[in-house]
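Me: I am new to this structure. Please take a close look at one part, chain B, and then show how the neighbouring parts are put together.

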Amino acid sequence: MSHKASSRNGSTAYRIFQYVVCIILAILSLFPFIIMIVNATRSSAQIQAHALSLIPSHYIKSNLAVLTSKTFHPLIAFRNSAIISICATALCVYFSTLTAYAVVAYDWKFKKIFFAVIMAIMMIPPTVTSIGFYQFMYKIGMTNNFAALILPPIAAPATVFFMRQYMIPALPMEIVQSARIDGAGEFRIFNQIVLPLCKPGMATQAIFIFVSQWNNLFIPMILLTDKNKWTMPMMVSQLAGDMYKTEYGAVYLGLLLTVLPIFVIYFLLSKYIIAGVALGGVKE
Amino acid sequence: MKKALSLMAALSLMLTFAACGDSSSQTADTEESKADSSSSEEVSEESSEAKSDGTKEKINVYAFTAEVPNMVQKFIDTHPDFAAKYEMNDTQVPTTNGEYQPALDAALADGGVDMFAAEAAFVLKYTQGEGSKYVAPYEDLGIDISQVETAEIAPYTVEIGTNTDGKLVGLGYQATGGAFIYRRSIAKDVFGTDDPATVQKEIGPGWDKFFEAAEKLKAKGYGIVSGDGDIWHAVENSSDKGWVVDDKLVIDQKRENFLDLSKKLKDNDYHNDTQDWTDDWYADMAGTGKKGILGFFGPAWLINYTMKDNVHDTFGDWAVCEPPVGFFWGGTWVLGCKDSDKKEAVGQIIDWITLNTEEDGLQYMWANGTFAPNEDGTPGTKDAVASGVVMKKSNGEVDILGGQNMFDVFVPANNFANGKNLTPYDEKINSLWRDQVRQYTAGNKDRDAALADFKQAVADELDIEAE
Amino acid sequence: MTGSQKHLKGMSYARYGYLFALPFIIAFLIFTLYPTIYTFVLAFTDAHGVGNEIKLLEEPFGNFSKILSNKTFINSMKNTVLLWILNFIPQITLAMVLTAWFTARRVTIKGQGFFKVLFYMPNIITAATIALLFHALFGYPNGPVNEIITSIGLRDSSYNFFTSKTAARLIVAFIQFWIWYGNTMIVLISGVLGISPDIYEAADIDGASSSQIFFQITIPNLKTVLLYTLVTSLIGGLNMFDVPQLFLQGGPDNATGTAVVFIYNKAFTGKQLFGQAAAASIIMFLIIAVCSAILFYIMRDKDAIAAEKMKKADMKARRKGASVI
């Protein structure tokens, strides 16, 4: 049948098209990383003359020297960023899942209102609260305290929303019921049965949250004035801050060092992205 | 994966407890301590500091670059008596995206700052504006302000640093009077000589002469400046009035004329149409731009901080001469805080930075390149400084200018500078203005529309109406 | 198990619902509600600058009327919507196409795990870095893009992307699109994987073509997830800040100035007019709330039906047991 034949030809062309699109997008994705790596090896003057180049240079040592010669230390900033991001991510994912479980698994009087409120919070732009938030933190003396950055993500409506959508099809209530019959406490059921079942969904969210926490700049900048509490992005922006004499080479090296841990976390959790995380109500 | 997750969970729990250790008490008694929380916490923080660091007291320094903290450190390093009692605790927040001011303001309100640095773009907020309530007059810091006269401090530095009660609260260490910094080889090619006295007469005085020179340069395939931003600083700080007078927007005639100057540059192709602080602007310093560029407008710091690392092959091919109009650009002021309990110590540091004219004072080192000499012991970066006395006994010969003594030009240049046309909102208003000027010169709107849109934007963003 | 028994059971477990939602509620009250109320109160005051006494305005809605008659704010609102549409349409389209490719069961793309991982990567770099890179890329007059268009003869002279409103908007929209399409794709793929395989098997038996399956089965079953994407993207889009602010500071001529850039400038630069910034924030909140309410109305409709179904599905799921995972 000619129709089938042509569609087969078409499908070969179509497949080539698919791969071409994917490869172009992949190159686009890699481009900033390549530039970052190359520029980390170039001198500030070279970068100022031509910001984009694919030819590495030999200034990585002097860039590192600039980076470490400042009064703050990358290792300390790294540790601070790690504490804040890991804690915030873990708390956010754990409590969002717990909250989603409360909405999915139990019938309680104010459940519907509660869920509607979660949706409403999602709509409040963070800028609305940022003014009030930072003045409040100053008032109660939470400046220079990681808790001011770690605790707020416990109430993350978008994550709750996602976990709820994820849990509805992925969590068989039957298992919960049988565990109850076995006499397991509700909290234990959640920790030992529900959490492991939700792992793929939690992993995806963990990536999203970790990335946004790690890159968070503005609020930490205002809240953390003690240099020993600075985060990686703050350190890099400090390097870029002297507009009259920016150390671009060191900035790129700093950016590269900043992005590396995200890489590690991302690739650790990326198998869930590769495998895919099922989400959405099962409809029949 | 399981391990990674559980490890993460365990680790985070541990860290949370660690991090919350000192915070839980704070959150728990939020209600009661709200009223006096700030004071009580300060006390506890300070006492803990004292314990951990022996007897040394900390001087809290806020700055937007490492420059001032480095100076404070140098003072401590060179004054053992002082070092026995004090050490520095510096906080550096960049101004790039405007983070410095919110952070500084919050810290000032908290009382956690002893001294801080402010840039020309926003210094007035702290010397005369809203931030001035946190600032102590130099007298109260134990500084002998009669030294302003004896050190011959540049008058505009003093004007800007004087509060509304007429008291001196801040001084800069640099002198930022501007010059025209030009390429010797291009001057020779077009004007027949690279002698500053002659070049100065070719390009000025006044903008008419400047454009005559631009025409000559164009005939030989050169541009006179890199972009319109280069002449903006000359226009801005040579004008008679600032942007805001009595809370009304004022467009000084000289600043309004910038529209026409910029348009003329663009329409006649007198420049490379670059924007300052971009790659192409730097390329013109190295002579690798579209066409050769005669020069840049700038103070001494532009040569030593910005151009030095960017001129590459044109190193030594530069010279300075008097600009077609006198102007100044930038500068950093040092201020002490009213609430500081170490006023005398702060005063000693500020005195050393801004008023000391001796060879071991900051200004002499700053001007002669001995503050941070090169590794081989030769003088490092040299800069023009605020004290006339120091300038007279300093040597401004630098290699990038082919051995020319730049102070010959920069010392008189300071006479043009005045502090009368600055306002606390300059940074914001300048960016709105430059934006509209670019729209006009690019041919996207006419002159009247650009002016009207500028007024609208200022009214909308700053609540400052045009007069 | 009879209905009444089940009801009783539900009742006895209800307190766990409250208990488990408690940490969220507490964190919300402290870190979101209080600051929000604080902001709402500020909107009725003359709060500005540092350390000034805050007074209630004599005219309570003075800040609101000022903001609503503020041309730059109105312009910023328009920009926000325009930039969101400009990035969201290509973003959702590409994400859908990629989702279709990566979830196609007949012709699988080789190395799709690799591609999926790469496509999300632009999302992990800070906006500051991306702004820096794109600024260099489109540099005028000698940036790489300009060098390409002049060398292949597309134009005689360089094009100043940074003074052209259209060009600046398109670049910002492109950056947003490029950062977020991978994220959207991952969410959509998750949604497709949540669709019961039975439906596809049935379609296969009926001899449906790939495109038929995609449009007639995948898309309709993806509605909840699409709405999730739409709502989160709308909220994110209306809050767009980093890229426009860091790329051209909202310029040229406020062409890429979004509402949040405006609010930020009001609150943290110049006179630091917190009161007006708070009023603008509330106006933004109301707009987002109305837009989302419309979307949620569509969603709720489905939810109500789904809720009924869910109870049945619940029972069925229990029968299916662990096989779902």
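Reply: The account below starts inside chain B, moves to its contact with chain C, and ends with chain A.

This is a predicted model, in which local features need pLDDT of at least 70, side-chain atom pairs count only at pLDDT 80 or more, and totals for chains, interfaces and linings use all residues. Residues are numbered from 1 along each chain as its sequence is written, while chains are lettered from A and ligands numbered from 1 in the order in which they are written.

Chain B has 23 helices and 11 strands; these are DSSP runs numbered from the N terminus, helices being H or I over at least four residues and strands E over at least two. Of the 467 residues in chain B, 51% are buried. A buried residue has 20 or more other C-beta atoms, placed from the backbone, within 10 Å of its own; 12 or fewer makes it exposed, and anything in between partly exposed. Two residues are in contact if their C-beta atoms, placed from the backbone, lie within 7 Å. Among the contacts in chain B with a separation of 6 or more, 73% join residues 24 or more positions apart.

Helix α13 of chain B, residues 228–236, has nine of its nine residues buried, so the rest of the structure largely encloses it. Those residues include Asp228(B), Trp232(B), His233(B) and Glu236(B). They pack against α14 (253–256), α15 (258–267), β9 (295–298) and α22 (426–441) of chain B.

Ala457(B) lies in helix α23 of chain B. Ala457(B) is buried, because 23 other C-beta atoms lie within 10 Å. Its C-alpha atom is 8.9 Å from that of Ile429(B), 28 residues away along the chain. Leaving out residues up to four places away in sequence, Ala457(B) touches Leu432(B), Thr72(C) and Asn254(C).

The contact between chains B and C takes 31 residues from chain B and 26 residues from chain C. On the chain B side, two or more residues each come from α6 (100–110), α16 (279–285), α22 and α23 (447–462). That side holds seven nonpolar, 10 polar and 14 charged residues. Here Ala, Val, Leu, Ile, Met, Phe, Trp, Tyr, Cys and Pro count as nonpolar, Asp, Glu, Lys and Arg as charged, and the others, Gly among them, as polar.

Chain C also meets chain A, with 85 residues of chain C in contact with 76 residues of chain A. Elements that give two or more residues to the chain C side include α1 (3–42), α7 (165–193) and α13 (274–320) of chain C. The most come from α1(C), with 20 residues. By class, this side of chain C has 61 nonpolar, 20 polar and four charged residues.

The mean pLDDT of chain A is 81, and 88% of its residues reach 70 or more; pLDDT is the predictor's confidence in each residue, from 0 to 100. Residues 1–7 of chain A have pLDDT below 50, and this stretch has zero contacts in the model beyond near neighbours in sequence. Where pLDDT is low, the predicted coordinates should not be read in detail.
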